[in-house]
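Reader: Hello! I am new to this structure and would love a close look at a single part of it, with enough of the surroundings to find my way.

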Amino acid sequence: MTKLQTFARAGWFARGVVYCLLGVLALTGTGASDASPQGVFRSVQDMPGGSWLLGLLALGLAFYGAYRLYSAAMDSEGKGDDTKGAAIRIGYAASGLAHFFLAYAAARLAMGQPSSGDGATEQRAADMVLDVPMGGALIGALGLAFLAAAAHQAIKAWTTEFMADTGPGAPRWVVPIGRAGLAARAVVFAVIGLSLISAGWFGSAGEVKGLGDALSSLADHPELYALVGIGLFLFGVHSFVDARWRRVRNDDVVNVLKARARAR
């Protein structure tokens, strides 16, 4: 349970479940308001044995959060300390924290506690940040970070650089699946980034969009909405590919952290 591969592969599998169900909710006409992580968690809760399944999903998302924070701190993927490497590792840390929040939301629902609507948590957090000096600038900087992440996802989709981390034996269809999934995620990240910049500029936390709100905002453009919905489903499939074929260092996390602590 302390091996890095356990955290990574369980996390990618859980992420795949979330994105596949998110795509299904977006495409089945159940309502754009349901096409959000919270809608996914409610759908799982309604399944037979839903509370147990949701608890396992929360555990997987927490594992992914831990894996990303470890990757950021220990540079387990060899990104380096230069400007580009530092930016990628900061992105890993942000992803780790975001998945811990998702795990928390799933765990709360599994224990019978009500969940917030999509975007509500983000808007409350943004409201708190806006109350501090230079809060608008901080929100705007976060928006720029999301735009940078969107650009990075788009570049990965265009260049297929994600295949460099895919182990041998992966079938050829993983390339178009990964490209479509990453492109859709880039669109959603761009919408979230623009909403954060708008919130920082106008000082309005209500402008902030979560993942579901970002997807819902595309509903006025049915073709784009459908393409992004399909792409998010395919990103879930891409996550399952990562869970099966992604190359991961198999550190013993606890021992590595203990050794690092002793070295200090």
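Where is the place of Asp75? Please take me through that part and whatever helps me to understand it.

Author: Happy to help! The model is a predicted one, and Asp75 has its place in the loop between H3 and H4.

Let us start with the whole chain. The protein chain has 10 helices and 0 strands, so following it from the N terminus on, you meet α-α-α-α-α-α-α-α-α-α. Of its 264 residues, 43% are buried. Contacts often bridge long stretches of sequence: among those between residues at least 6 apart, 72% join residues at least 24 apart. The chain exposes about 13,300 Å², and carbon and sulfur atoms supply 66% of that area.

Now walk along H3 towards your residue. This helix covers residues 50-74, which makes 25 residues. From its first C-alpha to its last it reaches 36 Å, close to the 36 Å expected at 1.5 Å a residue. Asp75 then follows H3. Its phi is near 50°, a positive value in a residue other than glycine. For background, most residues other than glycine have a negative phi. Is Asp75 buried or exposed? Its relative accessibility is 17%, and because buried means under 20%, Asp75 counts as buried.

A useful companion is Thr160, in the loop between H6 and H7. Thr160 also is a residue other than glycine with a positive phi, in this case near 60°. Its relative accessible area is 22%, so Thr160 is partly exposed.

Back on H3, there is a side that you can find from outside. Leu53 has its place in this helix, and at 37% relative accessibility it counts as partly exposed. Together with Met47, Leu56 and Leu59, Leu53 makes a nonpolar surface patch of about 360 Å². It may help to recall that an α-helix has 3.6 residues a turn, so residues three or four places apart point the same way.

Other residues of H3 belong to the interior. In soluble globular proteins, nonpolar side chains tend to be buried together. Here the largest nonpolar core has 39 residues, and those with the most contacts inside it are Phe41, Leu54, Leu57 and Leu232. H3 is one of the elements that give two or more residues to this core; the others are helix H1 (4-27), helix H2 (37-45), helix H4 (83-110), helix H6 (135-159), helix H7 (174-202), helix H8 (211-216) and helix H9 (222-245). H7 gives the most, with 7 residues. Apart from this core lies another, of 12 residues, among them Ala8, Phe63, Met74 and Val253. For a closer look at the 39-residue core, pick Leu54: leaving out residues up to four places away in sequence, Leu54 touches Phe41, Val44, Gln45, Ala106, Leu109 and Ala110.

One last stop is Gly231, found in helix H9. Gly231 is buried, with a relative accessible area of 3%. Setting aside neighbours within four places in sequence, Gly231 is in contact with Ala180, Gly181 and Ala184. Gly231 and Arg185 are 46 residues apart in sequence, while their C-alpha atoms are 7.5 Å apart in space.

To return to your question, Asp75 sits in the loop between H3 and H4, with a positive phi and a buried position.

Methods. Residues are numbered from 1 along each chain as its sequence is written. This is a predicted model: local features need pLDDT of at least 70, side-chain atom pairs count only at pLDDT 80 or more; totals for chains, interfaces and linings use all residues. Side-chain values use heavy atoms; hydrogens and water are left out. Helices (H or I, at least four residues) and strands (E, at least two) are DSSP runs, numbered from the N terminus. The expected span of a helix is 1.5 Å times one less than its number of residues. A nonpolar core is a set of buried Ala, Val, Leu, Ile, Met, Phe, Trp, Tyr and Cys residues joined through side-chain atoms within 4.5 Å. Buried means under 20% relative accessible area, exposed over 50%, partly exposed in between (1.4 Å probe, protein chains only). Contact means heavy atoms within 4.5 Å. Accessible areas come from the Shrake-Rupley method with a 1.4 Å probe; for residues, only the protein chains shown count as cover. Patches are made of residues with over 30% relative accessible area and no salt bridge: like charges are joined within 9 Å, nonpolar side chains (Val, Leu, Ile, Met, Phe, Trp, Tyr) within 5 Å. A salt bridge is a side-chain nitrogen of Lys or Arg within 4 Å of a carboxyl oxygen of Asp or Glu.
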